[in-house]
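Me: Please take a close look at the salt bridges in this structure, and set them in the context of the fold around them. I would like one connected account, with the cut-offs stated for each term.

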Amino acid sequence: LGPSEFSEVSIIAAFVLIISFIALSLQLTAAKYYVVYEASSSKKQFPLNRFLTLRISKIAIGLTLGLLLLTWPIASFLNLQSSLSLAILIIGIPTYLIMSVQRGIQLGKQNVLKLSLSYLVEMVTRVVITVLLVAILCYLELGFYTLAVSIGFLLSFIATHFYIKESYVSSQELSHFTWPKEIIVFIALTGLYEFGQIIINNCDLILVKHFFESKSAGLYASLSLIGRMVFFATWSVVGLLIPHVIEQKQKGKAYNKILIGAVSFVGAIGGGITLSCFLLDEIIIQVAFGEAYLSISPLLWKYALATSFFACANVFAYFYMALDQYIPVVLTIVAGMIQALLIYFNHNSLENVVWMQILAMSGLFIVLNIYHIIQFILNEKIKISHRYSLPTR
């Protein structure tokens with residue numbers, strides 16, 4: 001499509017990414033409380049799947065109507081040629097959020113096969129439909145490529161929803177069920193964390209689209225798309241982390257090694273991708289996007305490095321969320337805001353934008369490591385004090 005056209009398409013993809021972080025909060029909630037309720041005989045009668053699906057569908061419809069009213073102002077701020085593509089995506093929000101609740105149930109069951117296949121269905125549907133529509137529009141020289149991408153997203157949501165949905169086990173009436181307090185708190189706190197993720201993952205792309213002309217914004221969009229491989233390549237580790245940690249905690253088993261293993265694994269993947277981007281930057285850009293984008297290749301490994309720091313920090317945050325400790329959530333939100341401010345006041349060049357992200361994300365990773373070390377020392381002191389107090393008792 002070329003850098004200018006691709007800058008439009010990339011904003012649509014960024015909007016979907018923002019929705020996906022909101023959906024992720026619901027997915028993690030469904031996963032956590034499926035594990036909790038299954039382990040608690042007193043709560044087994046609570047129809048979690050049906051309750052969340054019906055309640056979230058009502059909230060999603062309200063969110064959709066509100067966003068439809070804001071479609072034109074958003075399109076204007078982002079310098080989009082048309083707001084129709086955004087409107088099509090917004091219509092798909094209820095389906096996407098309900099689908100995410102169902103994914104959370106599968107994650108709680110640790111049904112990795114069905115969960116994995118749901119992502120495969122989503123991506124294959126999206127790729128086939130989008131490429132087909134764009135190819136037809138290119139052949140007919142009609143344009144409207146952003147609209148084609150939006151339709152591809154919407155149809156992939158619908159296809160995945162029909163694949164992942166399950167019939168309700170419980171036939172109980174829901175009128176006498178209210179939101180359990182612990183679920184409200186967890187959704188609110190994970191929602192705050194996902195807000196931090198939205199800022200970290202999208203503020204750079206949005207600010208570049210706002211401050212830079214279309215060609216530069218398109219070049220940066222290609223950079224961010226490849227650089228984010230680190231985050232998404234390691235998401236499966238983070239996704240499985242929460243139910244596994246909760247399960248170990250409820251069994252009274254040690255879970256610190258799970259964190260060490262997860263961070264090491266994510267760090268190894270991030271380091272490997274960053275090294276590949278350093279050694280093969282021009283080849284990667286050439287294969288993925290073509291010669292028109294080669295000027296951005298020197299920044300590729302730097303963007304991958306920033307994403308690697310964030311991916312590792314992400315493991316710490318989700319680990320402590322599983323333990324109902326939310327200081328890392330606050331730290332991540334603060335880091336996201338600092339990153340946005342750094343980019344806002346230092347955007348003289350695209351390289352500056354990337355360096356601001358490296359600075360913010362490396363700082364977050366270091367702070368979360370310090371937090372973990374402090375928590376580990378405090379827990380060891382508590383264990384020692386209990387060990388010495390038992391004989392006295």
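Reply: Among the contacts in the chain between residues at least 6 apart in sequence, 82% join residues that are at least 24 apart, a contact being heavy atoms within 4.5 Å. The model is a predicted one, in which local features need pLDDT of at least 70 and side-chain atom pairs count only at pLDDT 80 or more, while totals for chains, interfaces and linings use all residues. Residues are numbered from 1 along each chain as its sequence is written, and side-chain values use heavy atoms, with hydrogens and water left out.

The chain holds 16 helices and 0 strands, where helices (H or I, at least four residues) and strands (E, at least two) are DSSP runs numbered from the N terminus. Of its 393 residues, 51% are buried; buried stands for under 20% relative accessible area, exposed for over 50%, and partly exposed for what lies in between, with a 1.4 Å probe and protein chains only. About 18,400 Å² of the chain is exposed, and carbon and sulfur atoms supply 69% of that area, as computed by the Shrake-Rupley method with a 1.4 Å probe, only the protein chains shown counting as cover for residues.

Turning to the charged pairs, the structure has 3 salt bridges, each defined as a side-chain nitrogen of Lys or Arg within 4 Å of a carboxyl oxygen of Asp or Glu. Side chains of opposite charge can pair when their charged atoms come close. Arg 103, Glu 122 and Arg 126 are joined in a network of such bridges. In one link of this network the side chains of Arg 103 and Glu 122 meet at 2.7 Å, N to O. Because Arg 103 lies in helix H5 (residues 93-108) and Glu 122 in helix H6, this pair ties together parts that are 19 residues apart in sequence, and both of its residues are buried. In the other link, Arg 126 and Glu 122 meet at 2.5 Å, N to O; both of these residues lie in helix H6, 4 residues apart, about one turn of the helix, and both are buried. An α-helix has 3.6 residues a turn, so residues three or four places apart point the same way.

The two helices that share this network can be described by their geometry. H5 and H6 pack at an angle of about 150°, with their axes 9 Å apart, the axes being lines fitted to C-alpha atoms, for helices over the stretch in contact, and the angles running from 0 to 180 degrees between N-to-C directions. H5 and H6 are therefore roughly antiparallel to each other, a label used for angles over 145 degrees, with under 35 counted as roughly parallel, 65 to 115 as roughly perpendicular and the rest as oblique. In this packing, Tyr 96, Met 99, Arg 103, Gln 106 and Leu 107 of H5 meet Lys 114, Leu 115, Ser 118, Tyr 119 and Glu 122 of H6, so that the list includes both Arg 103 and Glu 122 of the salt bridge between the helices.

Glu 166 also touches this region. Its place is in the loop between helix H7 (145-164) and helix H8 (181-211), and it counts as partly exposed because its relative accessibility is 25%. Apart from neighbours within four places in sequence, Glu 166 is in contact with Asn 49, Gln 102, Gln 106, Lys 109 and Lys 114; Gln 106 and Lys 114 are also among the residues listed where H5 and H6 meet. Arg 50 is 116 residues from Glu 166 in sequence, and their C-alpha atoms are 9.6 Å apart.

The remaining bridge joins Lys 302 to Glu 351, with the closest N and O atoms 2.8 Å apart. This pair links distant parts of the chain, Lys 302 being in helix H14 (residues 300-322) and Glu 351 in helix H16 (residues 350-392), 49 residues apart. Lys 302 counts as buried because its relative accessibility is 11%, whereas Glu 351, at 34%, counts as partly exposed.

Helix H4 (residues 84-91) has 6 of its 8 residues buried, so it is largely enclosed by the rest of the structure; the buried ones are Ser 85, Leu 86, Ala 87, Ile 88, Leu 89 and Ile 90.
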